[in-house]
Amino acid sequence: MTVKGLDSDKDAAAAINDVSILYRLRNEAPADSDELLRRAESDLPRITDAMWGAGYYAARVTIVVAGQPLAAGRQGAPAPRPGLDRFKGRALVPVDIVVDPGPLYKFGRVEVIDERSGGPFAPSVLPPRIVTLKAGDPARTSGLLAAAAQLSDHFRGLSHPFVKVVRRQPVIDHRSHQVDVVLAVDPGPVAGIGGIGVSGTRNVDPAVVRSFIYAERGDPYSPKAVADIRKSVSRIEALGGVRVREGTALDSDGNLPLDVEVTERPPNLLGASVRYSTVDGPALRTYWAHRNLFGGAERLRLDADLFYLLANQKWLGGTNRGGFRPENLGGRLAASFIKPALWGTRNDLLIDASFLRERTEFYSSNVTSATVAIRHRFTDAFSVQAGIEGQIGQSIDPLGRNNYGVVGLPISVTYDSTDRPLDPSRGIRVIASFTPYKGFRDAPSFFGVGRVQASTYYSLDEAARYILAVRVAFASIAGGTLRDIPAPMRFYAGGGGSVRGYDYKSLGPRTPEGYVTGGKSLFEASLEARIKITDTIGIVPFVDIGQAFASSFPDGSERLRIGAGLGLRYYTSIGPIRVDFAVPVSRRTGESAYAIYVSLGQAF
């Protein structure tokens, strides 16, 4: 079966295939010639309607079955049936849909009125930019449907959940080939959010789900408010799916009831990951988690990491001998516990403990640490956290050995309005923290560590195929001398999450011998252009800049270092797989010529 006469309009040809019974059943042979004719005759009005929907209101459609035409005229009435007895028994019967489309009609007058008053809406209620359909556009049904959707979305966003858009009978002028159309809108009543129910929980306490719902009874209704409920509840790791059902009628207070329907995930999780960088070295991770330990969506997670330092610690007399070096092995054992919604509130209990054996080119350390904190969620985007932290460790670096213990009171503020955690396309993410420490043994008696990191994401197009991403970070240590600050607590720049193209933690103040010591302050910035070439493939040109400084404030004593490169992204359902190739700008002697990074998720 072929469609003829629409070579210049592939969309109209596709519309015919969508409605045609002949096309849908092209691989199923009819029982006899009468059935074939019935299929063709039923297609005539369908195809004529499809051509009208494509903007061809004077189209003439003819279906030719084995050389015999069945025609529909201007009004879509089929012609008399011809006999096809002489074709009985033939295996293949050629069928052609022949279309004379005629002129493409355009919209003449497009008017939106208030169904209640019969007049237009005030510009303050319905700005002209909302409806993009205008005079001169092709008079296609798809354009009208898009305009109706724009009107519905607009008024729903103004708290009218039951808005109705009625397309009145269009006026078709065959002489001017124009179509005048009127869209009548009945906004319906203004509504707030009513009672919010929770359903679908089997093993998770519904009170936990309610604590992640930030909307209150009487808040203005909008599709965004409903989407925000779905997004915030989805943060509960024990849940796999979240659906918000809207009521079919308003309650006695004029509010719209909602029901949050959830499905639970299997509680146990086991996984592993692999990471590799040509300068940072390889890393392996395995983890196990239980996502509903006691029935309150408590999450217990155990992690084990193993990594290997490719570089040599020359300041310790290391050589460039090849082969495996056991002293370059590092690792981490960690346990974390989260109890969300303590007693049904928006307070979460967080407990973390870890042992870290870290090996970098410029220091080695063994650190045992533990933290207990309470996080209060004001909204889905804004939270504050405070707790107590303790560390016991030993470190050695070019400035000497440090056996230390510290107790701190960490305080942090987080604001995150981004749309996706691993691949944001819009929004802002800010994390600020400060921890005053009391030190013991070789550590300073009192010192404080502060960090601020902010990133923003801006989509240049509606489909988010072109995204600009910017990151800025600042950190400072107040109190103590650089030598007294344990090496793992100092600041270093360089590596996959810092300034790409440079070795991991290789940028910062140096000794007279040229060994990096880390600093008491840090500045970093990154700029990326995330460009999607296809739905699954993208490229990311990027520039990073950063440095660590010996003083408590970036004072320019060290030259800012720049890395630049090009990344490849493969987009999956859980997030993009990242491959970045970076080179240091103005490379110094002894620095790597390039670096390659592979991981899951965007760089920031």
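In strand 16, the residue that serves as bridge partner of Ile338 is Leu350, strands here being DSSP runs of E of at least two residues, and helices runs of H or I of at least four, both numbered from the N terminus. The structure is a predicted model, in which local features need pLDDT of at least 70 and side-chain atom pairs count only at pLDDT 80 or more, while totals for chains, interfaces and linings use all residues. Residues are numbered from 1 along each chain as its sequence is written, and side-chain values use heavy atoms, with hydrogens and water left out.

The pairing that holds Ile338 and Leu350 belongs to strand 15 (residues 329-339) and strand 16 (residues 347-359), which run antiparallel over nine bridges; two strands are said to pair if DSSP finds at least two bridges between them. In the loop between strand 15 and strand 16 lies Ala341, a residue with a positive phi of about 55 degrees although it is not a glycine. Ala341 is buried, with a relative accessible area of 3%, where buried means under 20% relative accessible area, exposed over 50%, and partly exposed in between, computed with a 1.4 Å probe on protein chains only. A positive phi, near 55 degrees, is also found in His177, again a residue other than glycine. His177 is placed in the loop between strand 7 (171-173) and strand 8 (178-186), and, with a relative accessible area of 31%, His177 is partly exposed.

Strand 16 also pairs with strand 17 in the antiparallel sense, over 13 bridges, and these two strands form a hairpin with four residues between them. Within this pairing, Arg359 has Ser364 of strand 17 as its bridge partner. Ser365 is likewise found in strand 17, which covers residues 364-377, and is buried at a relative accessible area of 1%. Leaving aside residues up to four places away in sequence, Ser365 touches Leu356, Arg357, Glu358, Arg359, Gln394, Ser395 and Pro488, a contact being defined by heavy atoms within 4.5 Å.

A further group of antiparallel pairings involves strand 21 (residues 427-441), which is joined to strand 19 (residues 400-408) by five bridges and to strand 20 (residues 411-416) by six bridges. In the pairing with strand 19, Tyr404 has Arg441 of strand 21 as its bridge partner, whereas Asp416 stands opposite Arg429 in strand 21. Strand 21 also pairs with strand 22 (residues 446-459), in the antiparallel sense and over 12 bridges, and a hairpin joins strand 21 to strand 22 through four residues. The bridge partner of Tyr437 in strand 22 is Phe447.

The largest nonpolar core has 25 residues, of which Val209, Ile229, Val233, Ile236, Leu258, Val260 and Val262 touch the most other members; such a core is a set of buried Ala, Val, Leu, Ile, Met, Phe, Trp, Tyr and Cys residues joined through side-chain atoms within 4.5 Å. Two or more residues of this core come from each of strand 9 (192-199), helix 5 (206-211), helix 6 (223-233), strand 10 (239-246) and strand 11 (255-264). A second, separate core of 21 residues includes Ile16, Ala40, Leu44 and Ile97. Apart from residues up to four places away in sequence, the contacts of Val260 include Ile196, Val198, Ile213, Ile229, Val233, Val242 and Val244.

A search of the whole structure finds two cavities of 30 Å³ or more, a cavity being a set of points, on a 1 Å grid over the protein atoms alone, where a 1.4 Å probe fits but cannot get out, with lining residues having an atom within 4 Å of a point. The largest cavity holds about 40 Å³ of space, the volume being the space filled by probe spheres set on the points, which are joined across faces, edges and corners. Its lining consists of Arg471, Gly496, Gly497, Ser498, Arg500, Ser526, Asp544, Ala603 and Phe604. The second largest cavity holds about 30 Å³ and is lined by Leu507, Gly508, Arg510, Gln547, Glu558, Arg561 and Arg588.

Tyr502 is placed in the loop between strand 23 (466-478) and strand 24 (521-532), and counts as buried at 1% relative accessibility. The C-alpha atoms of Tyr502 and Asp580 are separated by 13 Å, these residues being 78 residues apart along the chain.

How values were computed. On a 1 Å grid over the protein atoms alone, a cavity is a set of points where a 1.4 Å probe fits but cannot get out, and a pocket is an open set with protein on both sides within 12 Å along at least five of seven lines; lining residues have an atom within 4 Å of a point.
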